[in-house]
Amino acid sequence: MTPPFRSSVPLEDRMAAETEGGREALRVWRDIWRNMTGEQRIAKAFQLTEEVRQVMQAGIRSRHPHASEDTIQHLYVNQLLAAHGTSLEEIRTKQKEERQR
């Protein structure tokens with residue numbers, strides 16, 4: 001699996017450049033981030049990670065309304081791994097090959 005296209009320009013900069021409001025929102029966010037302590041930044045990162053997880057799983061549930069929680073979790077993990085150019089199946093295949101050596 002090929003990793004997704006990577007730009008040297010951060011995603012938030014590319015998105016913000018599309019509108020004046022986006023540029024202003026990014027400027028405000030960066031000012032807030034700069035004024036946070038390290039502890040506050042870590043807490044915010046965990047909060048945002050949890051919120052993204054919930055949104056991703058809600059999207060999966062809406063596309064697969066009859067899926068079990070195990071299936072939702074499987075699809076969620078695969079979606080995360082796909083962003084890094086792999087999948088659960090690829091990882092399991094590699095692990096199996098390594099055990100057979």
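The radius of gyration is taken here over C-alpha atoms, and the rule for a globule is 2.2 Å times the number of residues to the power 0.38. In this predicted model, the chain has a radius of gyration of 18 Å, whereas a compact globule of 101 residues would have one near 13 Å. Taken along the principal axes, the box filled by the C-alpha atoms of the chain is roughly 55 × 35 × 30 Å. Of the 101 residues in the chain, 16% are buried. Among the contacts with a separation of 6 or more, 18% are accounted for by residues 24 or more positions apart.

The secondary structure of the chain consists of five helices and zero strands, and the pattern read along the sequence is accordingly written α-α-α-α-α. Helix H3, which covers residues 38–63, contains 26 residues and should span 38 Å at 1.5 Å a residue, a value that agrees with the 38 Å between its end C-alpha atoms. The expected span is obtained by multiplying 1.5 Å by one less than the number of residues, so the agreement concerns the distance from one end of H3 to the other. Within H3, the residues Met56, Gln57, Gly59 and Ile60 are buried, and the buried residues of this helix pack against H4.

Helix H4 (residues 69–82) also packs with helix H5 (residues 88–100), at an angle of about 85° and with the two axes 9 Å apart. Because angles of 65 to 115 degrees count as roughly perpendicular, H4 and H5 are described as roughly perpendicular to each other. On the side of H4, the contact is made by His74, Val77, Asn78 and Leu81, while H5 contributes Leu88, Glu89, Ile91 and Arg92. When the residues of this contact are divided by character, four are nonpolar, two are polar and two are charged.

One of the residues that H4 brings to this contact, Asn78, may be considered in further detail. Asn78 has a relative accessible area of 16%, and since the cut-off for a buried residue is under 20%, Asn78 is classed as buried. When its neighbours within four places in sequence are left aside, Asn78 is in contact with Thr86, Ser87, Leu88 and Glu89. Of these partners, Leu88 and Glu89 are also among the residues through which H5 makes its contact with H4.

Methods:
Residues numbered from 1 in each chain as written. Predicted model: local features only at pLDDT ≥ 70, side-chain atom pairs only at ≥ 80, totals over all residues. Heavy atoms only, no water. Axes fitted to C-alpha atoms, helices over the stretch in contact; angles between N-to-C directions. Helix = DSSP H or I, 4+ residues; strand = E, 2+ residues; numbered from the N terminus. Parallel < 35°, antiparallel > 145°, perpendicular 65-115°, else oblique. Contact = heavy atoms within 4.5 Å. Nonpolar A, V, L, I, M, F, W, Y, C, P; charged D, E, K, R; others polar. Buried < 20%, exposed > 50% of the residue type's maximum accessible area, 1.4 Å probe, protein only.
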